[in-house]
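The exercises below ask you to read a model step by step, with the picture open beside the text. Please try each task before you turn to its solution.

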Amino acid sequence: MNRKLFSRNTGQILSSEITPESIYKQRRQFMQAALSVAALPVLGYSSVLAAAPEYDIPTDLPRYAGPDWMKQKIAGAAHNAAFSVKEKTAPYYHAITHNNFYEFGTDKRDPARYAKSFKTDPWQVEISGAVAKPGVYNLEDILAPHALEDRIYRLRCVEAWSMVIPWLGFPLADLIKRFEPTSKAKFVQFQTILDKEQMSEQRSSFGTIDWPYVEGLRIDEAMNPLTLMAVGMYGNALPPQNGAPLRLVVPWKYGFKSIKSIVRIHFSETMPETSWNITAPDEYGFYANVNPAVDHPRWSQATERRLPATLLSPNIIDTLPFNGYADQVAHLYKGMDLNRLF
Ligand code: MTE
């Protein structure tokens with residue numbers, strides 16, 4: 001997202017990126033595939049079938065089933081219509097090949113190319129700081145009590161492109177409550193795995209980011225019902241390039257807040273550092289709420305390119321305050337000067 005990277009990646013989708021319509025599956029085929037992974041709990045099966053929206057799922061792209069224990073959870077996910085937008089979801093192909101995951105490279109296609117063998121199981125997450133139950137937990141244990149929901153959210157990148165993505169996850173608030181934050185827990189910081197062996201950009205001496213990637217939220221933002229911990233998308237486990245096995249999704253904020261491949265969740269009294277704010281404090285703030293009225297110093301945030309788009313059909317739409325989620329979150333920022341606290 002620095003000057004060099006942004007101009008190199010204006011986000012234009014190459015015509016070669018557009019998937020032939022013929023390889024998309026219809027809803028029934030998708031559901032069969034998604035549900036064939038395991039014997040299903042009856043409730044999960046029926047609720048998914050009854051309410052699942054249509055996704056464009058190509059037949060010949062890799063699917064990410066995840067470890068066996070996760071397959072069971074994913075198969076039991078129920079669609080949450082109240083927390084889903086009705087807009088058309090991005091074709092699966094675009095969601096898994098147009099990515100920002102700088103640990104694997106700065107080109108939009110690098111994560112799909114270089115994260116293929118990223119090892120995401122077994123996986124542990126450290127819970128630390130101002131909580132009654134700190135510790136290092138296996139992902140399976142972290143997820144155990146949480147039922148997964150399918151929620152369709154807008155994802156608005158600070159680079160002025162957007163997609164609509166169906167995530168599988170659970171409210172971060174439910175996870176936070178289990179570890180019993182103390183009264184000192186005013187902020188939450190998230191950290192991505194540091195693994196130079198697997199992540200080429202973390203080895204590079206010319207990297208833009210001081211690794212590991214870190215992000216943060218105020219505790220009330222973290223507890224908002226919209227804030228999601230995701231382990232899957234499009235009815236399957238998260239692909240490595242989308243932040244497997246565990247990522248954050250904060251739909252009213254620019255995409256860089258939605259940190260991938262999380263290994264640490266830390267509770268603190270003071271505002272934590274965040275990667276893009278350290279890298280370019282004049283351009284990327286801590287709050288990073290989607291705001292069409294506050295331009296990035298180098299480009300307008302008034303509109304966005306909804307992907308998929310092409311040069312001939314750029315699909316430019318107006319950007320909405322809080323990415324269209326103002327009713328749910330505007331109260332969190334009452335009295336704050338959002339021009340200054342961008
Ligand atoms: N998390 C990590 N660890 N590293 C990254 O480079 N990029 C962010 C965010 N999370 C990033 C990250 C940005 S800028 C965006 S727009 C979203 O991931 C993109 O998510 P997607 O690739 O699943 O669309």
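For sorting residues, Ala, Val, Leu, Ile, Met, Phe, Trp, Tyr, Cys and Pro count as nonpolar, Asp, Glu, Lys and Arg as charged, and the others, Gly among them, as polar. Please keep in mind that this model is predicted.

**Exercise 1.** Find how the residues of the shell around the ligand divide into nonpolar, polar and charged, and which residues come nearest.

*Solution.* Begin with the shell around the ligand, whose residues divide into 7 nonpolar, 6 polar and 3 charged. Then look for the nearest of the 16 residues around the ligand, which are Asn99, Tyr102, Glu103, Arg247 and Lys260.

**Exercise 2.** Describe the polar contacts of the ligand with asparagine 99, asparagine 100 and tyrosine 102.

*Solution.* First, an oxygen atom of the ligand lies 2.9 Å from a polar side-chain atom of asparagine 99. Next, a polar backbone atom of asparagine 100 is 3.2 Å from a nitrogen atom of the ligand. Finally, a polar backbone atom of tyrosine 102 is 2.8 Å from an oxygen atom of the ligand. Of the 530 Å² that the ligand exposes when taken alone, the protein buries 100%, and the ligand sits in the largest cavity.

**Exercise 3.** Decide over which residues the pLDDT is below 50.

*Solution.* Start with the whole protein, which averages a pLDDT of 87, with 83% of the residues scoring at least 70. Then turn to residues 3-52, over which the pLDDT is below 50, although this stretch has 90 contacts in the model beyond near neighbours in sequence. Where pLDDT is low, the predicted coordinates should not be read in detail.

How values were computed. Residues numbered from 1 in each chain as written. Predicted model: local features only at pLDDT ≥ 70, side-chain atom pairs only at ≥ 80, totals over all residues. Heavy atoms only, no water. Near = heavy atom within 4 Å. Polar contact = N/O pair within 3.5 Å; in protein donor to acceptor, adjacent residues only side chain to side chain. Areas by Shrake-Rupley, 256 points an atom, 1.4 Å probe, with all protein chains shown as cover. 1 Å grid on protein atoms, 1.4 Å probe; cavity = no way out; pocket = protein on both sides within 12 Å on 5 of 7 lines; lining within 4 Å. Sits in = over half its atoms within 2 Å of the grid points. pLDDT = per-residue confidence, 0-100. Contact = heavy atoms within 4.5 Å.
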